[in-house]
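The following exercises concern one protein structure, shown below. Please attempt each task before reading its solution.

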Amino acid sequence: MLWRRKLFVPLAALALALTASAGAATASASTPTDAAAVATGTPAAPATADFAAPGPYATAVEVGVITTLYYPRDIANSDRRHPVIVWGNGTNGIPLVYRDLLLHWASQGFIVAAANTPQSNLGISMRAGIDMLTGRNADPDSIFRDRVDLEHIGASGHSQGGAAAIVVGADPRIDTILPIQPGPLADINAVHVPALLLAGQKDSIVFPFLVKAFYNAADHIPALYGELRGADHFTVVGDPGPFAAPTTAWFRAHLMGDQTARAQFFGPGCGICTDTTTWSDVRRNSLALSVPATTP
């Protein structure tokens, strides 16, 4: 199938181009705190109005055998629990290919558990990332001890990894999914959580109509379809460009309770619905249209 083309040729060349210091992610030294969040598990979100801008957390990377973690560097001293995003790579891809996007999420306060596998469609390694963080959260010797918000977990991925995010969306531990240009080998009917499905207007590998097919089938959950103007299949690789802001806002809305971010997608003033510069097509199904712009 076309979507099974190699994500980048040669992959090694791209990896070399992206090997800047992992700890040098964009962030300020200050770290917002919320002691009540640790006690209650409530995912308090530091305020922001620019979702494309780097977040307030300095970041770090831990490369494991199955999972690579991108996370706030000072997490051991954080006064709040941090929500989780599990990530799946495109065909023959590795987390390093998507380093800029994953570090951007980490700078916003998320723990990103990126599956190392270049064949992610079954979502097995993505689920393993949740299992690993569950263990690390309970380990008294881990920097992640009581700092992982296991009550707020999202799934995302690109291409084959986007399909994997849909597969993982059937896991009861997942609260939302955000497939980016997902390949066709998934069943969205098994997903039980809100979904934002992203396509690229000029994607000639995962054509927009394939992503729309998932959206059309997702009539049992609040679902949105967003088609990024001018984006091709590899726009998200390296510098994520237009993908950074909406993906960050979606996860902040669903995993951190960010009301400003929520208004980007829900209610009559839906931010992405009127932004024709960024988006060539935006659709919301009836269940998404019924979701209020703010929560109590």
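**Exercise 1. Salt bridges and accessibility**

Task: Classify D100 as buried, partly exposed or exposed, and then do likewise for its partner R99.

Solution. The model is a predicted one.

Step 1. D100 has a relative accessibility of 30% and therefore counts as partly exposed, since partly exposed residues lie between the limits of 20% and 50%.

Step 2. R99 has a relative accessibility of 9%, so R99 counts as buried.

Step 3. R99 and D100 form a salt bridge, in which the closest N and O atoms are 3.5 Å apart. The structure holds 9 salt bridges.

**Exercise 2. A network of charged residues**

Task: Determine which residues are linked with R173 in a network of salt bridges, and state what the pair of R173 and D131 ties together.

Solution.

Step 1. Begin with the pair R173 and D131, whose closest N and O atoms are 2.6 Å apart in a salt bridge. R173 belongs to the loop between α5 (160-168) and β6 (176-180), whereas D131 belongs to helix α4 (residues 124-138); the pair therefore ties together parts that are 42 residues apart in sequence.

Step 2. Consider the accessibility of these two residues. R173 is partly exposed at 29% relative accessibility, and D131 is partly exposed with a relative accessible area of 46%.

Step 3. R173 also forms a salt bridge with D171, with the closest N and O atoms 2.9 Å apart. D171 is buried, its relative accessible area being 7%.

Step 4. The network of salt bridges links R127, D131, D171 and R173.

**Exercise 3. Strand β3 and its partners**

Task: Identify the strands that pair with β3, and explain why β3 is described as largely enclosed.

Solution.

Step 1. Strand β3 covers residues 82-88; 7 of its 7 residues are buried, so the rest of the structure largely encloses this strand.

Step 2. One partner is strand β5 (residues 148-158), which runs parallel to β3 and is joined to it by 7 bridges. In this pairing V84 stands opposite I153 of β5.

Step 3. Another partner is strand β4 (residues 111-115), with 4 bridges in the parallel sense. Here W87 stands opposite A114 of β4.

Step 4. The connection from β3 to β4 involves helix α3 (residues 99-107): together, β3, α3 and β4 make a right-handed β-α-β unit.

**Exercise 4. The surroundings of H82**

Task: Describe where H82 is placed and which residues H82 is in contact with, leaving aside its neighbours within four places in sequence.

Solution.

Step 1. H82 is located in strand β3. Its relative accessibility is 0%, so H82 counts as buried.

Step 2. With those neighbours left aside, the contacts of H82 are Y57, P72, I75, G109, I111, R147, V148 and D149.

Step 3. For G109 the detail can be given: its backbone oxygen lies 2.7 Å from a polar atom of the H82 side chain.

**Exercise 5. A covered helix**

Task: State how many residues of α5 are buried, and list the elements against which these buried residues pack.

Solution.

Step 1. Helix α5 is mostly covered, with 8 of its 9 residues buried.

Step 2. The buried residues are Q160, G161, G162, A163, A164, A165, I166 and V168.

Step 3. These buried residues of α5 pack against β3, α4, β5, β6, β7 (195-200) and α6 (208-217).

Technical notes:
Residues numbered from 1 in each chain as written. Predicted model: local features only at pLDDT ≥ 70, side-chain atom pairs only at ≥ 80, totals over all residues. Heavy atoms only, no water. Buried < 20%, exposed > 50% of the residue type's maximum accessible area, 1.4 Å probe, protein only. Helix = DSSP H or I, 4+ residues; strand = E, 2+ residues; numbered from the N terminus. Pairing = 2+ DSSP bridges. Right-handed = clockwise from strand over helix to strand, strands pointing away. Salt bridge = Lys/Arg side-chain N within 4 Å of Asp/Glu carboxyl O. Contact = heavy atoms within 4.5 Å. Polar contact = N/O pair within 3.5 Å; in protein donor to acceptor, adjacent residues only side chain to side chain.
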